[in-house]
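Biologist: Please take me through one part of this model at close range, and then set it beside some of the other parts.

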Amino acid sequence: MGKHRVAVVGVGQTKHDSARNDVSIAGLLREAAQRALDDAEMTWKDIDAVVLGKAPDFFEGIMMPELYLAEALGATGKPMLRVHTAGSVGGSTGVVASSLVQGGIHERVLTVAFEKQSESEAMWALSLPIPFQPPLVAGAGGYFAPYIRSYIARSNAPSHIGSLVALKDRRNGLKNPYAHLHEHDITLESIQGSMMLWDPIRYAETCPSSDGACAMVLAGEKVADAAAKKPAWVHATAMRSEPGFFAGRDQVNPRGGQDCSADVYKQAGITNPRKEIDCAEVYVPFSWFEPMWMENLHFAEEGEGWKMTEEGATSMTGDLPVNCSGGVLCSNPIGASGMLRFAESAMQVRGAAGDHQVDGARLALGHAYGGASQFYSMWIVGADKP
Amino acid sequence: MAKPNPSDVEVLSAPLTIEYPFRRSTGPVLGAFFTGLREGVVIGVKRQDGSVLVPPSEYDPESAEALDDLVEVGQAGVVTAWSWVVKPRDKHPLDRPFAWALIKLDGADTGMLHVVDAGERSRMKTGMRVALQWADERVGHINDIVCFLPEG
Amino acid sequence: MGKIKALEGVEPVTMIDTPARLDYTFTAGRATSRFLKGLEQKKLLGERSAATGKVYLPPRGADPVAGVPTEEQVEVADYGVVTSFCVVNVKFYGQAMECPYVCALVVLDGADIATFGLIQEIPYEEVRPGLRVEAVWVDDSELGTTLENIKYFRPTGEPDAPAESYKEHV
Amino acid sequence: MRDVAVVSFAQSKHERALPGINEVEMLMPVVGQVRDQIGLDKNRVGFTCSGSTDYLAGQAFSFVMTLDGIGAWPPISESHVEMDAAWALYEAWVKLQMGEIDIAMVYGYSKTSPGDLPDVLTRQLDPYVYAPLWPDSISLAALQAQAVLDEGGTSEREWAEIAARSRASAKNNPNAQLTGDFDPEAILAEEYLVAPLRKHDCPPITDGAAAIILAADDAAREFSKRPAWIRGLEHRIDPQSLGVRNLTRVVSLEQAGEAAGVSKDKIDFAELHAPFTYQEVLAKRALGLSDEVSINPSGGALAANPMMAAGLVRIGEAADRIIAGEGDRAVASATQGACMQQNLVCVLEGE
């Protein structure tokens, strides 16, 4: 009865790219899932249930694709769930998969999230025509840019902060062999010289559109204790949603994100997140979201988040390294992006992050958000049992 | 000015079309199947127990093992299940009454879904033999098979 | 793989085209239809929630905070204040504007929520929060049940609104 | 397992088309009712989960819009499955098993009328080999029906009787869409739609919504004198490839029913999500239900089939009858995917 312990015992991801024309959709998922199984030293037979996540079905033009993908994911004869919570879905999928173990239902759950955006194109799939309304006049960046401008106005952040984040994440991405973008020659000047798409957002400060998948094997305590490789113990999970548009809504520092992070800290017994958490993988599709989320996630006081970026606190050598994997700014297979944040945080506390490993990381935050900054999913994973 | 919402509003509606030319990468196994269709052969894949899946699956539908042992199968076979479309829909492959059928090609162990151009329902029967009809121009697509026809 | 004769030496198929078209009938719903009918007469009809007293424009049928229908129709001004904006330098799917142009959040007088609108008749670098703007409508002969009735917003020439007056909208 | 029960169920009056309202306007009264009829303050709901799909109405992020209709403020703990809401109920039940919350709300809805449903459902199929042929959902069901006929043990007459019984039962269901007295002989005299199925063998196309409140332990007793306790809740999936499956059996439903313990005790009545008449025969066999078991007293999906909610409705209808004392043990099922690919089974008991 009550909550059972759960741990990540296997992690896998694809090489992310603008178009993975070498594989089918099933092939893309299998690349990640097989790696996760191999990492967990398990076979398809060992898995009790499968939880799949992805963003809108229109992206690939397949309605409820889990029905077709069940065979490739070894789900025949097993329970299979399909989660969709907008951009936060990769994280939510991980949370749902964890709950299957925490609720005492299963011992070994495979969870996979993906997007094969190249089957269509993001600009089409994200702005399907709606009668009586003019076409979206400015795209996704145009939607978020005014709120970023509000953030800058509220916090008096210097204008180069967005470029600093992009430089840091793109350089981190060079250490991640799976990252979509590997921009070896990137400099602060090249970022600042890139086109101002949606002032204050520059081209080099936006995420790419990627094909990719991520998978994890989640296991109960007995299985995790017996695992050959070090598990990442789940200390906390939470989801929060709020309506996207209502009178008086704070879209810069939404309450849903504040509440969600406060919830995971409470579950994990964390009172000083900046001090206690060793690193974080945070969903930053436009570079300015790093300082915004630092405040939303209670790592910095309101209006102070940009100082963490400026001081280098969020760099690999800072006191709270953020997005050592390169983050969403380097790879953005939308449905998988959230799970990549969760999986990368698990890799850190397992000491399995390779060249982008934070030395001695023992407690890490994974974060995803979606919609009009209205859907949140987060978890905290640790090297030690909770 | 403020007043209760009028209850008699005429609700507006408009056509909405969602259309996209999805272009899909096939991966090697499905790619071989489509290449075969273009070249005028039907290709299946062998499972570990030796049975043959047509169309080929990249992964075993039951054990999930990756499959890549491709084999050529016959171009005629047996109807294992079918339904009769009295009035074809606009998007159907044929514009006259026809059967949807699972067809187990010679050398295959599973049925492939396609259409049988049988003319009338009375010509359809479970267990009947049908033969594949190729399109004149083939590009490597499921539509390279126009239909199946009753044999004899 | 590769032991099949017909596949030897031929260019392999790696991509297939699977175009798909689905036709739907979109229904605007009651609240949106009421709003669109007003637009046809150059009226911006918001709706007030009895639960929170807030005026929503465009109304979407619900007060999202309470999850109850908005039941009272309120005419909102076609002028208001810019609360934030972005300067757009890139062309998007189906979009016909000359770059750069300004897309702004505008809180119309009488409404409690911002709407997105284009700002014109002012150099883009002069657009700022607090700027008072008014709607420029299409010719009466072109009015329809669509948001495209408002071509864009332009400055009214009034002094800027004090930051305090729109602070809950940023 | 923690004791979890259905304590409240509400649904819309199901209609062929509700062109006058959008999804939010359709859902809002149902969600209001499911809470209000047991006097539940929305702030006591610890977790909310919904089921819907973008493809039916042709709008991406449909579930984002409907969040406006449930009063998600202050921010709520919430999730969504792109599945029939019966699986949303499963996710909520799992959450309750974790022991941290006591009350969960589940809802599902769809407006199926805006599109051409049989065409839309072709988009669920393998996108390389099958979807490009546009095999519509009725044609595939008919293909399975023919396989079942070929195997024997059922007949078109039995299917006509199922259609007539379902729609006659639905006369007592104020929310049903297709009700009335039909003569099986007259049904059999009708032309085939896609042989061997006639129009009467098919579900109506429905716009509708449904919601359920789940509560655990003492919270369930607080809200209901006789909660409908969930004693088994399981789901399984079969391969999609029709050629790989034995179409005359629904293996995933057999597996889910076995795991849920359907046959452990006497079943008083069943609410089976069997949108096509012949599927009731398959579902009954898969769950091992005897002829004494009353099937679909609500009229079932043959009387109203709101996609993404119809499975949840089966659980709600069964729960309402348990709560009302009309039986002590019931089974409800949900299905989705071509030819019953994925199935969920819920065993409910009174006390």
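Modeller: Gladly; I will begin with one chain and then move on to its companions.

This is a predicted model, in which local features need pLDDT of at least 70, side-chain atom pairs count only at pLDDT 80 or more, and totals for chains, interfaces and linings use all residues. Residues are numbered from 1 along each chain as its sequence is written, with chains lettered from A and ligands numbered from 1 in the order in which they are written.

Let us look closely at chain D. Chain D holds 12 helices and 12 strands; helices (H or I, at least four residues) and strands (E, at least two) are DSSP runs, numbered from the N terminus. Its radius of gyration is 19 Å, close to the 20 Å of the globule rule for 351 residues, so chain D is as compact as a globular protein of that length. That radius is taken over C-alpha atoms, and the rule is 2.2 Å times the number of residues to the power 0.38. Taken along the principal axes, the C-alpha atoms of chain D fill a box of roughly 55 × 45 × 40 Å. Of its 351 residues, 72% count as buried. Buried means that 20 or more other C-beta atoms lie within 10 Å of the residue's own, exposed means 12 or fewer, and partly exposed is in between, with C-beta atoms placed from the backbone. Among contacts in chain D between residues at least 6 apart in sequence, 80% join residues at least 24 apart; two residues are in contact if their C-beta atoms, placed from the backbone, lie within 7 Å.

Within chain D, one helix pair is a good place to pause. Helix α7(D), residues 156–169, packs against helix α11(D), residues 277–287, at an angle of about 100 degrees, with the axes 8 Å apart. This makes α7(D) roughly perpendicular to α11(D). Axes here are lines fitted to C-alpha atoms, for helices over the stretch in contact, and angles run from 0 to 180 degrees between N-to-C directions; under 35 degrees counts as roughly parallel, over 145 as roughly antiparallel, 65 to 115 as roughly perpendicular and the rest as oblique. From α7(D), Glu158(D), Trp159(D), Ile162(D) and Ala163(D) meet Thr277(D), Tyr278(D), Glu280(D) and Val281(D) of α11(D). The residues of this contact divide into 5 nonpolar, 1 polar and 2 charged, where Ala, Val, Leu, Ile, Met, Phe, Trp, Tyr, Cys and Pro count as nonpolar, Asp, Glu, Lys and Arg as charged, and the others, Gly among them, as polar.

Elsewhere in chain D, a cis peptide bond joins Trp73(D) and Pro74(D), with omega about -5 degrees. Pro74(D) sits in the loop between α3 (62–66) and β3 of chain D.

Chain D also touches a neighbour: the contact takes 46 residues from chain D and 48 residues from chain A. On the side of chain D that touches chain A, α2 (54–57), β3 (78–81), α4 (85–97) and β8 (228–237) each supply at least two residues. The most comes from α4(D), which gives 5 residues. By class, this side of chain D has 20 nonpolar, 14 polar and 12 charged residues.

Now for chain C. Chain C has 1 helix and 11 strands. Its radius of gyration is 23 Å, well over the 15 Å that the globule rule gives for 170 residues, so chain C is more spread out than a compact globule. The C-alpha trace of chain C spans about 80 × 40 × 35 Å along its principal axes. Buried residues make up 46% of the 170 residues in chain C. Chain C has a cis peptide bond too, from Leu57(C) to Pro58(C), with omega near -10 degrees, and Pro58(C) lies in the loop between β3 (55–56) and β4 (62–63) of chain C.

Last comes chain B, where an open sheet of 3 strands has the order β4-β3-β5, with antiparallel pairing; strands pair if DSSP finds at least two bridges between them. The edge strands, each pairing on one side only, are β4 (52–53) and β5 (69–73) of chain B. Helix α1(B), residues 27–39, packs on this sheet and touches β3 and β5 of chain B, its direction making about 150 degrees with that of β3(B). In the loop between β4 and β5 of chain B lies Ala64(B), a residue other than glycine whose phi is positive, near 70 degrees. Ala64(B) counts as buried, with 23 C-beta neighbours inside 10 Å.
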